[in-house]
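This report describes how the parts of one protein chain fit together. Look at the structure first, then read on.

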Amino acid sequence: MVPSLEKQARVMIECIQNHTPDVIVIDEIGTSAEVQAAKTTKLRGARILASAHGNLRAIVSNNDLRGLVGGLVTVTLSADEAKAEARRKGSNTAHGGSNKQKTQRSGDPIFDVIIELKRGRLHEWDVILNTANAVDSILDGKLYNVQRRMRDANTGRIFIEKAQL
């Protein structure tokens with residue numbers, strides 16, 4: 001139990017250093033310090049089960065939380081790389097329209113799998129089985145694959161369908 005929210009990152013690190021758990025459960029990662037503590041936790045070999053507010057696209061856009069999904073870096077491409085990137089994305093490069101800057105992940109995501117819960121939809125959730133691929137798709141302006149799981153409220157039976165977000 002964390003005595004106050006301001007101490008959560010420090011308590012996470014102390015837990016890893018002093019108790020070497022196999023799994024750590026974190027209720028709501030919400031600050032850059034907590035993201036850094038989660039990175040340390042993963043690097044030390046503990047599995048992490050955590051919550052963070054927002055869907056994957058929102059987390060990628062959030063300066064404090066994007067480290068959870070690998071962080072972002074802007075790189076400068078050579079002219080040839082920019083043209084190749086534009087062709088890969090299907091952009092028209094006939095008028096020199098290739099962009100020499102590209103935003104990409106700066107590292108591996110802390111979470112390999114993400115489960116998105118939606119407010120008011122108690123019997124439906126989306127499972128992102130490959131966080132790295134999903135983030136790369138978002139940065140390329142594309143849709144990403146999810147498993148949409150739905151539970152029949154009466155029978156408890158689970159249905160799974162493929163979807164793109």
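## The antiparallel sheet

In this predicted model, 4 strands form an open sheet in the order β5-β6-β7-β8, and the pairing is antiparallel. Its edge strands are β5 and β8 (158–164), each of which pairs on one side only. On average, neighbouring strands of the sheet are turned by 25° against each other, direction ignored. In general, strands of a sheet pair through backbone hydrogen bonds, either parallel or antiparallel.

One pair can be followed in detail. Strand β7 (residues 145–151) is joined to β8 by 7 bridges in the antiparallel sense. Within this pair, Val146 has Ala163 of β8 as its bridge partner.

## The parallel pair

Strand β1 (23–26) is joined to strand β2 (residues 47–50) by 4 bridges, and these two strands run parallel. Across the pair, Ile24 stands opposite Ile48 in β2. From β1 the chain crosses through α2 to β2, and this β-α-β crossover is right-handed.

Which residues of β1 lie on its covered face, and which on its uncovered one? Ile24 and Ile26 make up the covered face, while Val23 and Val25 make up the uncovered one.

## The nonpolar core

In soluble globular proteins, nonpolar side chains tend to be buried together. Here the largest nonpolar core has 25 residues, and Ile29, Leu56 and Leu68 touch the most other members. The elements that contribute two or more residues to this core are α1 (8–19), β1, α2 (32–43), α3 (56–61) and α5 (131–139).

What does Leu68 touch, if residues up to four places away in sequence are not counted? Its contacts are Ile29, Val35, Ala38, Ala52, Pro109, Ile110 and Phe111. Ile29 is thus on this list and is also named with Leu68 among the residues that touch the most other core members.

## Helix α5 and its ends

Helix α5 gives two or more residues to the core. The buried residues of α5 are Thr131, Ala132, Ala134, Val135, Ser137 and Ile138. They pack against helix α3 and against the strands β4 (101–105), β5 (114–117) and β6 (124–128). Of these strands, β5 and β6 also belong to the antiparallel sheet described above.

The N-terminal end of α5 is capped by Asn130: a side-chain oxygen of this residue lies 3.3 Å from the backbone nitrogen of Ala132. Ala132 is itself one of the buried residues of the helix. Just after α5, Gly141 takes a positive phi of about 75°.

Key: Residues numbered from 1 in each chain as written. Predicted model: local features only at pLDDT ≥ 70, side-chain atom pairs only at ≥ 80, totals over all residues. Heavy atoms only, no water. Core = buried A, V, L, I, M, F, W, Y, C linked by side-chain atoms within 4.5 Å. Buried < 20%, exposed > 50% of the residue type's maximum accessible area, 1.4 Å probe, protein only. Contact = heavy atoms within 4.5 Å. Polar contact = N/O pair within 3.5 Å; in protein donor to acceptor, adjacent residues only side chain to side chain. Pairing = 2+ DSSP bridges. Right-handed = clockwise from strand over helix to strand, strands pointing away. Axes fitted to C-alpha atoms, helices over the stretch in contact; angles between N-to-C directions.
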